[in-house]
Amino acid sequence: MNLKLSTANARLRIASRFCAWSFCLLNSSQALTQEIVQPFSAHTQLPVPVWAVGVLVAFILLAVAVAVDYVRNLRYKLAAIESDLARSAAEWSYAMDFLEDPMYLVDLDDRLIRANRAFYNQIGKSPEQALGHDVRSLIHLKPEKIPCPGCAARLERRDAFFTKEADDPTNPTGRPIEVTIRVVKDDLGKPIGIFQGLRDLSHLRQTEQALRESQNRLANAQRIASVGNWDWDVKKDELIGSAELYNIFGMDPAENPISMETLIERLPLQDQSSLRTAITHAIETGTAFRLDHQLVLSQGKRRYVHQETQVNLDKDGKVKSLSGTAQDVTDRQLAEKALFEEKEKAQVTLRSIGDAVLTTDRNGIVEYANPATERLLELNAAAIVGKSYDEVIGVYDSTTRTSKANPIELCLKNQTPEVMDEHSLIISHNGHEHVVDITVAPIHANSGYSNSGFSNDGFSNSKVSNNGELNGCVLVAHDVTEMHNMARKLNYQATHDELTGLINRREFEIRLSQALENAHIDSQQHALIYMDMDNFKIVNDTCGHLAGDELLKQFCALIKIHVRSTDTFARLGGDEFALLLVGCPIQQAKNIAAEIQHRVQEYRFQWNERSFEIGVSMGITLITEASGSGADVLNNADSACYVAKNAGRNLIHVYNDNDVVVQQHRGEMQWVQRITQALADERFTLFCQSIQSLAVSDDNLQHFEILVRMVDEQGNLIGPQNFIPAAERYQLMTTIDRWVINAAFTMLAAHNATHERLWNFSINLSGQSLSDPELLEYIIETQNKVGLNPHWVCFEITETAAVTNLSEAKKFINFLKQSGFRFALDDFGSGMSSFAYLRELDIDFLKIDGSFVKQIDQNRIDYAMVSSINQIGQLMGLQTIAEFVENDHILELIKALQIDFAQGYGIDKPRPLQFPHDSKLKQHAS
């Protein structure tokens, strides 16, 4: 196109010059006329003819017009050529940019003329940065010791096509590539440029590798499954077999070229005849076949082979080839032989197993029953065999006792296995009930063919196990009566309180939700009585937990008298109970509550010749279609009970939305929201109080008890005495304990990792946390996350919490002690049975209750109590800590008692715990 453009420009220049000459001729026409005519006129004395002048002028004008038209045509042709050239360039760019492989055009000096987008992407430059530059400087980022073949081919101006692998030193790309070099020539055959393309072969190499791996996997699979395959071209008599086929037939592909005849010759004579007959039949009819035969290998060894063959037809419907698989089934044949030999052993097994096994024929007549079936039905085999199944066995629903469809009937009808979805009931001949799992499966005959014949579907003489004619069915019944009873027991335990046998809180909340739903849908009215026993703690603390448990049981028996069959009486926890009265107006609920109160007032609890008066505080709320959720109803009744208890105990209070006392209690409940919001806003902060060693102390070790404070919305500190009671009442202590554990662990790990003066922390755990099964995992996860040495932390558990949750406390302590944490029993001496439970807990420290310590300088009994607790603790190998050491005099007294540690205002007052500067935890100033 460049050549055509040059030719057009030359023609345009010639036309322009011709036009210029024509105009010059026109301008000089008058002078020319005079020069030609005047001499003639002078001799003849005649005037110049007018027609001669006109002819001359016309000739000149015609020449000018022809020249102008010629120039115009040349310009049109030039514009068309330029348009074609631009369109061709655009199409070239579009086509090249569409390709993913880099392509570029250089001149004879290796300067870049044009390239596609893939080339610019590869070199990381724009067209403006690359065009006109030496292409070698663009492709080779650093000088190469060995020039690449592409560069050499361009310099030699020869066409080339070659591939280079990634590790070839003359390959500058580092990837396997295919290079194409083409010399561009003009119309005269003169080179004017060089076109080069690069094709990335990475994907092709990956595909080739994947193909090789697939072939290897196929070969491995055939080797593992002992299956070889072959293809036999019938017309050419050429057979191709896999490596495993050679292995199965005991042949070496290098020494024994394989053919169909060589395969057949490996078979015994009888099997050779069968195989040839099968092949002939397949070629003549175009039908596939299956065949089992033997192989005779070296040294007389025999191998059993199962072959499956299919016929391949050409476009004319004629047999072109046969394809088949040969599988070594020697192990299967031997297994079948062994199975046959073990048949008698199987019969013995059936007679010995505990599951009932019964078989029938296709008509449902019992053919076999093992001894377990005889025991289940309480009938001997003679009374079972030969009878119809429905005469000897019936199946019932274990819950409703209604008859169910007999699974044997369903199995014989549908010819499919039948499994009873749930535990079914079988009633023996003598009326005994057994809960069983039943499975019934059909028994089908094995279809087979003679050695010389073929079936209708073209398969040969092999016996093939398939779903043939129904012969009958087999029933297996597994007696799960004991398991069923255990499941019922577990279900009972999941919904009932273990001690009292009452409905537990979880089940009660479900029934309360059902009552609310009835109230909303049917406008029914119910009542809820919330009960809290009075004086229960006195009995529990003075007489022990056995007495407390007995009191709870007797109290429940007393209340049950007033519970209707439609009502629900539940233990919510501890000494709190609830009575849901279905279809009960408020006045009737008051009467029932008054009768319960009267009964309780008359009741006296006797224990070891001691008598206790027991009371009950009750709150009543009505359940109507206007009631809120179950939690709202429980809170309303709880609030009313709380009011009754605070008003003097053993009283009844009916909930009212406008009740001032209830509203005050609701105000206390708002602490729950404040605590929850403070946790979300991280408005808790840690304080600490020093625990001083009274022995010769290590200066590099400091002991602190961690204390928690809440910060309100205005930034003021709130003491634990304000929010801890609400947190304990509304089950928020575990959440607060988790916050303290995370904050304290993080600070302690950061401090001890960067300071020589080490800290030890004592962290208080609530009774609620001891009952939280997920807290153990949280503690271990937090310890691992921050990299904390567990020996730096001692968890403090109050004596009351430990004794109340003794089993949980023991598990909790034993688990964390194995990880290296230490434990202290706090407020020791506050309970009546401290020494009895002390030896059951694996603790390290004993904190003597401060109510004894703070008065030992004034009260001899308190002094004796502190002394005895210290002696017993140290005798058990525990270190003792005295709380509430308020002054120097008390400090000297506990030193004289050889107590190990002291804590109190006389030692150190609670103060904010200063975090390291790099801690991410939020710290509020006091």
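This report describes the overall make-up of one chain, one of its sheets, a surface patch and two residues with positive phi.

The model is predicted, so local features are taken from residues with pLDDT of at least 70 and side-chain atom pairs from pLDDT 80 or more, while totals for chains, interfaces and linings use all residues. Residues are numbered from 1 along each chain as its sequence is written, and side-chain values use heavy atoms, with hydrogens and water left out.

The chain holds 34 helices and 35 strands, where helices (H or I, at least four residues) and strands (E, at least two) are DSSP runs numbered from the N terminus. Of its 926 residues, 41% are buried, a term that stands for under 20% relative accessible area, with exposed meaning over 50% and partly exposed the range in between (1.4 Å probe, protein chains only). Among contacts (heavy atoms within 4.5 Å) with a separation of 6 or more, 59% join residues 24 or more positions apart. The chain exposes about 51,300 Å², of which carbon and sulfur atoms supply 52%; accessible areas come from the Shrake-Rupley method with a 1.4 Å probe, and for residues only the protein chains shown count as cover.

An open sheet of 5 strands runs in the order S2-S1-S5-S4-S3 with antiparallel pairing, two strands being paired if DSSP finds at least two bridges between them. Strand S2 (112-115) and strand S3 (160-164) stand at the edges with a single partner strand each, so one side of each has no neighbour in the sheet. Neighbouring strands of this sheet are turned by 20° against each other on average, direction ignored. Strand S4 (residues 177-185) pairs with strand S5 (residues 191-200) in the antiparallel sense over 9 bridges, and Glu 178 stands opposite Arg 199 in S5.

On the surface, Tyr 94, Phe 98 and Leu 99 form a nonpolar patch with about 390 Å² of accessible area together; such a patch joins nonpolar side chains (Val, Leu, Ile, Met, Phe, Trp, Tyr) within 5 Å, from residues with over 30% relative accessible area and no salt bridge, that is, no side-chain nitrogen of Lys or Arg within 4 Å of a carboxyl oxygen of Asp or Glu. Phe 98 belongs to helix H3 (residues 50-98) and is exposed, at 64% relative accessible area.

The table sets out two residues that are not glycine and yet have a positive phi.

| Residue | Phi | Place | Relative accessible area |
|---|---|---|---|
| Ser 523 | about 55° | loop between helix H19 (505-522) and strand S18 (526-534) | 48%, partly exposed |
| Asp 827 | about 55° | strand S31 (residues 822-828) | 24%, partly exposed |

Conventions
Axes are lines fitted to C-alpha atoms, for helices over the stretch in contact, and angles run from 0 to 180 degrees between N-to-C directions. Patches are made of residues with over 30% relative accessible area and no salt bridge: like charges are joined within 9 Å, nonpolar side chains (Val, Leu, Ile, Met, Phe, Trp, Tyr) within 5 Å.
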